[in-house]
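Please walk through this two-chain model with attention to how its parts meet, beginning with a single residue and moving outward to the interfaces.

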Amino acid sequence: MDNTIAFTGLTKSFGRLPVLRQVGTTIGSGQVVGLFGRNGAGKTTLMRILYGMIGPDAGQASLLGLDPQAHPVEVRQRVGLVSEECHLYPWMDANALETFLAPLYPKWDRELFRRHLASMEVPPDRRVDALSRGTKRKLMLSLALAAQPEVLLLDEPLGGLDAVVREQIVTTLIHSLTDHGVTIFLSTHEIEQFAKVCDRVIILSHGGFLVDRETAALTDQVRRVTATLEHPVEAVPAHPQILSARAHGTQVEFVLNGFTQETADAILANWKVREVAVSGLTLPEIFIAFTAGKEEVS
Amino acid sequence: MIKVDETAPVPIYVQIVQGFKREILRGVFGPDHRLPSIRDLAVELKVNPNTIAKAYQEMETQGIIYFKRGQGAFVAPGTEEERMKEARTEIKRLFGEILAIARSLNLTDEQLQSLLNDLLAGRTHGPKARKEA
C-alpha cells in the first residue's frame, strides 16, 4: 500500500498545553480523509505540521515520501494548502497573483487556473482586499489547484462560507478527484457537507484520534438501540461499547460502537424488555456520540 | 434518478446500490442499458468517485451489473423470474418497514389490514393508478 500521507507518534505542545499526543495514520493515494474535531481539538496544528509550517516535538511526518521539515520547497510544490486564514497579498488581484506564483511551481497550469476562476465565479481583476470571504477562499483553492498538487491539505475549507460557495467548492473538489486523482486530507467541524465526500473519518479529541475508520464501516457499526421496558429504570449500566446512553422512565436508549445483536442482547438482559428497535445514526450524530461531554481546551 | 441523502443513517454506497436496484425494477434501466460513468455520477451526486466505484463493485458482485472493458458498466440481463423475485424481496422489505411503524403506533393487525384494503380498493375504483414522480 502506498503512503501518500503518513505520520506516526506526532506530539506537539504549546507551552505547557499539549495539543497533539502521539497521533498517527497513513492515507493512500486518491483517498479523501476527513479530520473531524471540535474547536481546539488540534486539527489546525496537525495540518500545519504536515505542511511543514511548524515542526512536531516528537514523531515523524511524511508527504509523498518527503519530510516536510527537511524538504519544504518540494513539499510545497507538490502539496496544496487551503486554510481559513487568508495569506494572500491584499493589493494583488488574481492575475497578479498568478504572475507572481506561477514561476514557483513547475507544473503550474494557466488554463486550469482560468477554468477554476470562471467556474467558481472569481473575478480575475479585483484586488484581494475587495473580495468577500467566500471569494477569497475560492481564489485560494484555484491557486492551490493550478499548481496541480498531488495532495491537498484543507483546513476548514468551508468555515464561515454561505451555502452557494460551499457547493461550488465541493463541486470543484469532486472534479479534482475525478480528473486528477488528488489525495485530500481535510479538517472540518462541519461534517454533514463532507459526509458524501470522505472515504474515511478521523475524529480528533483532546489531541488523540478517537476514531479512524472507513465512513461506510462507521455508519454500519454504530447503532442506536431504543427499548421500552416493563419497569422504569434510573440509568443504563456502563459498558465499554456504549458511547452515550439515557434512561427516561421505561424508555432506555444507548448508542453502541461496534454493534452486534449479541452485545445489544447482553445489555438488554439487565431488564425485562417489552419492545426493542435498532436504528442507524447520521455522521453528525455519530460525531456527537463520540465527542459529547468532552470539552476541548483552547 | 439516483439520489443520496447524506443525512440518512445508511452508507452512501448502499444508498446508491438501492437506488439503482429500484430504477432497474421500475424498468428505468433495461437490460444491457449503460450506467453513467463513475466520473459523471460522482459529479452529479457530488459524491467521492471512490464511493461510486465501491457501489458499482458491489452491484457487480451481486450480479446486477456487468463491466465491458473500456466501455463502462451495464445492467445485467437477468431473467423475468429473477426480476420478480427481486421485486418481491423489495416489497417485502418495504412492508416490513411499514409494519414496524404501525406497531410502534400501536395499530392492530386488523386496522392495518383494513387500511391496506382501502388502498387496494381505492386503486381499482380510482381514476388511475397513481404515478410516482
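In this predicted model, A:Glu156 sits in the loop that links β6 (151-155) to α6 of chain A. Is A:Glu156 buried or exposed? With a relative accessible area of 5%, A:Glu156 falls under the 20% limit, and therefore counts as buried. Its side chain makes a polar contact with the side chain of A:His189 at 3.2 Å. Once the neighbours within four places in sequence are set aside, the residues in contact with A:Glu156 include A:Lys43, A:Glu84 and A:Arg137, as well as the run A:Ser187, A:Thr188, A:His189 and A:Glu190.

The domain assignment splits chain A into domain 1 (3-206) and domain 2 (218-293), whose centres, taken over C-alpha atoms, are 37 Å apart. Eight residues of domain 1 of chain A and eight residues of domain 2 of chain A take part in the contact between them. The two domains of chain A bury about 720 Å² between them, and carbon and sulfur atoms account for 87% of that area. On the side of domain 1 of chain A, the three residues A:Arg38, A:Ile191 and A:Ile203 supply 61% of the area buried against domain 2 of chain A, more than any other three residues. Across this interface the rule finds zero salt bridges, while one residue pair, with both members at pLDDT 80 or more, is in polar contact. The elements α7 (191-194) and β8 (200-205) of chain A each supply at least two residues of the side of domain 1 that touches domain 2, and by class that side consists of five nonpolar, one polar and two charged residues.

The next step outward is the interface between the chains. Here the contact takes 24 residues from chain A and 20 residues from chain B, and the buried area is about 1,800 Å², with 59% of it given by carbon and sulfur atoms. Within chain A, the residues that lose the most area to chain B are A:Ile174, A:Thr178 and A:Lys196, which together make up 32% of what that side buries. Four salt bridges are counted between chain A and chain B; B:Arg39 forms a salt bridge with A:Asp179, in which the closest N and O atoms are 2.7 Å apart. The rule also finds eight residue pairs in polar contact across this interface, both residues of each pair being at pLDDT 80 or more. Two or more residues of the chain A side come from each of α6 (163-180) and α8 (215-221), and α6(A) gives the most, with seven residues. By class, the side of chain A that touches chain B has eight nonpolar, eight polar and eight charged residues.

Chain B is itself assigned a domain 1 (12-75) and a domain 2 (80-132), with 27 Å between their centres over C-alpha atoms. Five residues of domain 1 of chain B are in contact with five residues of domain 2 of chain B, and the two domains bury about 510 Å² between them, 56% of it on carbon and sulfur atoms. B:Lys21, B:Arg22 and B:Leu25 supply 60% of the area that domain 1 of chain B buries against domain 2 of chain B, more than any other three residues. The rule finds one salt bridge across this interface, and the side chains of B:Glu90 and B:Arg22 meet in a salt bridge with an N to O distance of 3.6 Å. For polar contacts, the rule finds zero residue pairs with both members at pLDDT 80 or more, and the side of domain 1 of chain B that touches domain 2 of chain B divides into three nonpolar, no polar and two charged residues.

Key. Residues are numbered from 1 along each chain as its sequence is written. Chains are lettered from A and ligands numbered from 1 in the order in which they are written. This is a predicted model: local features need pLDDT of at least 70, side-chain atom pairs count only at pLDDT 80 or more; totals for chains, interfaces and linings use all residues. Side-chain values use heavy atoms; hydrogens and water are left out. Domain bounds come from an automatic or database domain assignment. Contact means heavy atoms within 4.5 Å. Buried area is the accessible area (1.4 Å probe) that two parts lose on being put together, summed over both. A polar contact is a pair of N or O atoms within 3.5 Å; within protein, one must be able to donate a hydrogen and the other to accept it, and residues adjacent in sequence count only if both atoms are side-chain atoms. Helices (H or I, at least four residues) and strands (E, at least two) are DSSP runs, numbered from the N terminus. Ala, Val, Leu, Ile, Met, Phe, Trp, Tyr, Cys and Pro count as nonpolar, Asp, Glu, Lys and Arg as charged, and the others, Gly among them, as polar. Buried means under 20% relative accessible area, exposed over 50%, partly exposed in between (1.4 Å probe, protein chains only).
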